Amino acid sequence: MKSGRINHDNVHTALTCDDVLCEILLRLPEKSVFRLILVSRKWLHVICSNSFRSSYHSKWRESFHLLGFFVCNFLYLGRPRDGFRRPPWEPALPLLSTCKEGDDLKFSGVLKQLGYFIDSSNGFLLCGRHPMTYYIWSPITRKQYQLPQPQQYYRSLCMAFIVEDSHDDVICYKVIRAKCVCKPVEVNTVSIETFSSKTGAWKQSTLTCSSSFALCPRSVATVIGGVVYWFSVHKHLAIYDPYLGVRRLSLIKLPAGELSFDYEESVLGESSDGLLQYGQSSKLGIEIWVLEKEQSGYSSMYKSDTHWEKRWNLRYTLNFREMWKKNPTFTDRFSESQILSFLPRNSESVFIRSGSNIFLYQLESKRLDVVRYHGRGSSISWDSSKVVPYFRPSWPRSSLCQCINSMT
């Protein structure tokens, strides 16, 4: 009896020590960890903390839950007074839902209050009406927050949305607006305006580049590790790191294609090993390239095009004809196909659109699956719209867990 009591005390002591508890939880699968948030307030706090989540994802790959696909029609977003008007029957923020959680969001009525879709990051939505009205919707509080009106008027612009994690479990974000010059002029500067949730205000600044450039209007940046990647004209990428404290842009030339010289769609994403990946598709197929890091990371980004051009590595090629040949049951093999999007932090899968259907293609196994969604995909103007997958990180946040804890 005494021996049993001592062992029980030792177990209790171990499980009340944060370091020992974290080491135990790090060895469990994700679903088991999620169930343990109900054990006690202490376990809930430990599991939902940013420090433990970061440690867990450094050992295990982070998982995401697909809620659906948002549709952004560029004809309406930032529409000039004499431009196209959205018909009354068409929602401003269409969501092609792929699950019950997506259905709940779609029919909750909250999307009607946000304007048009612009971007998402870690489940947070950036929506609004260019060029002066913007909203942030939080999946944790399920409420929207209207940003103060920007100080600068940009008739044509591109944007970036960054959601940050902090050690005190407070979620912070940045919204960046960059002015796009539509006239064919040679410039090496760009005016940007950055909103920070920490200050609650917009701040204007000017970025410079060593060569002339122009950002692609109506585009949204891809953000990896806080670094912003915008598409630029003449098959270049413009890179900006707002955390370096240097108001500079760097240009990287995109890789030349091997399947075709005529690419109709290009997308950016983050690979499973944390690298920038670039996908481009033509009528023939898809190429996926990865920008390899140096030992110093991307901190030496302000180098010449020739330096960066050598660091693009072709990781995958996909021939559409071969893809449909191996999957003869799909009738979409006669429709034009193109790359739609990458999955978050994933190098093995890619979304492909063919007609009004969306497919998930596994690059390693060459498996093709249709993605079932609820919505009128046939009514979408695909040529003038951007269709973007909406993912929610599966890991619980502390604010959400506090809500759960208050209800239990």
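This briefing walks through the fold, core, aromatic rings, cysteines and a few backbone details of the structure above. Please keep in mind that the model is predicted. Its chain has 408 residues, and 50% of them are buried. The secondary structure comes to nine helices and 23 strands.

**Overall picture**

- Among contacts in the chain with a separation of 6 or more, 55% are between residues 24 or more positions apart.
- The exposed surface of the chain is about 21,100 Å², and carbon and sulfur atoms supply 52% of that area.

**The largest nonpolar core**

- In general, nonpolar side chains of soluble globular proteins tend to be buried together.
- Here the largest nonpolar core has 19 residues, and those touching the most other members are Ile176, Val190, Leu215, Val228, Trp230, Tyr240 and Leu249.
- At least two residues of this core come from each of these strands: S7 (157-164), S8 (172-179), S9 (189-196), S12 (227-232) and S13 (236-240).
- Strand S7 gives the largest share of the core, with three residues.
- Leu215 is a good residue to click on: beyond its neighbours within four places in sequence, Leu215 is in contact with Cys158, Ala178, Cys180, Val190, Trp230, Phe231, Ser232 and Ala238.

**Aromatic rings**

- Across the whole structure there are 13 aromatic pairs.
- One of the pairs is Tyr134 with Trp202, a tilted arrangement with 6.4 Å from centre to centre and 55 degrees between the planes.
- This pair links distant parts of the chain, since Tyr134 belongs to strand S5 (residues 133-137) and Trp202 to strand S10 (residues 201-208), 68 residues apart.
- Both Tyr134 and Trp202 are buried.
- Tyr134 and Trp202 also belong to a cluster linked by ring pairs, together with Phe161, Tyr173 and Phe195.
- Trp202 has a charged partner as well: the charged end of Arg177 sits over the Trp202 ring, 5.9 Å from the ring centre.

**Cysteines**

- How many disulfides does the structure hold? The count is zero.
- Why is there no bond at Cys158? The closest cysteine sulfur, in Cys180, is 3.8 Å from the sulfur of Cys158, which is too far for a bond, because a disulfide needs the two sulfur atoms within 2.5 Å.
- Cys158 is buried, with a relative accessible area of 0%.
- Cys172 also counts as buried, at 10% relative accessibility.

**The loop between S10 and S11**

- Arg218 lies in the loop between S10 and S11, and its phi is near 60 degrees, a positive value in a residue other than glycine.
- With 51% relative accessibility, Arg218 counts as exposed.
- Ser219 is placed in the loop between S10 and strand S11 (222-224).
- Is Ser219 buried or exposed? At 15% relative accessibility, Ser219 counts as buried.
- Leaving out residues up to four places away in sequence, Ser219 touches Leu157, Cys158 and Met159.

**Other backbone details**

- His130 and Pro131 are joined by a cis peptide bond, with omega about 5 degrees.
- Pro131 is found in the loop between strand S4 (124-129) and S5.
- Arg345 is another residue other than glycine with a positive phi, near 50 degrees.
- The position of Arg345 is in the loop between strand S19 (337-342) and strand S20 (349-354).
- Arg345 is partly exposed, with a relative accessible area of 31%.

Definitions and conventions. Residues numbered from 1 in each chain as written. Predicted model: local features only at pLDDT ≥ 70, side-chain atom pairs only at ≥ 80, totals over all residues. Heavy atoms only, no water. Core = buried A, V, L, I, M, F, W, Y, C linked by side-chain atoms within 4.5 Å. Buried < 20%, exposed > 50% of the residue type's maximum accessible area, 1.4 Å probe, protein only. Helix = DSSP H or I, 4+ residues; strand = E, 2+ residues; numbered from the N terminus. Contact = heavy atoms within 4.5 Å. Phe/Tyr/Trp six-rings, centres within 6.5 Å; stacked < 30°, edge-to-face > 60°. Lys NZ or Arg CZ within 6 Å of the ring centre and 35° of its normal. Areas by Shrake-Rupley, 256 points an atom, 1.4 Å probe, with all protein chains shown as cover.
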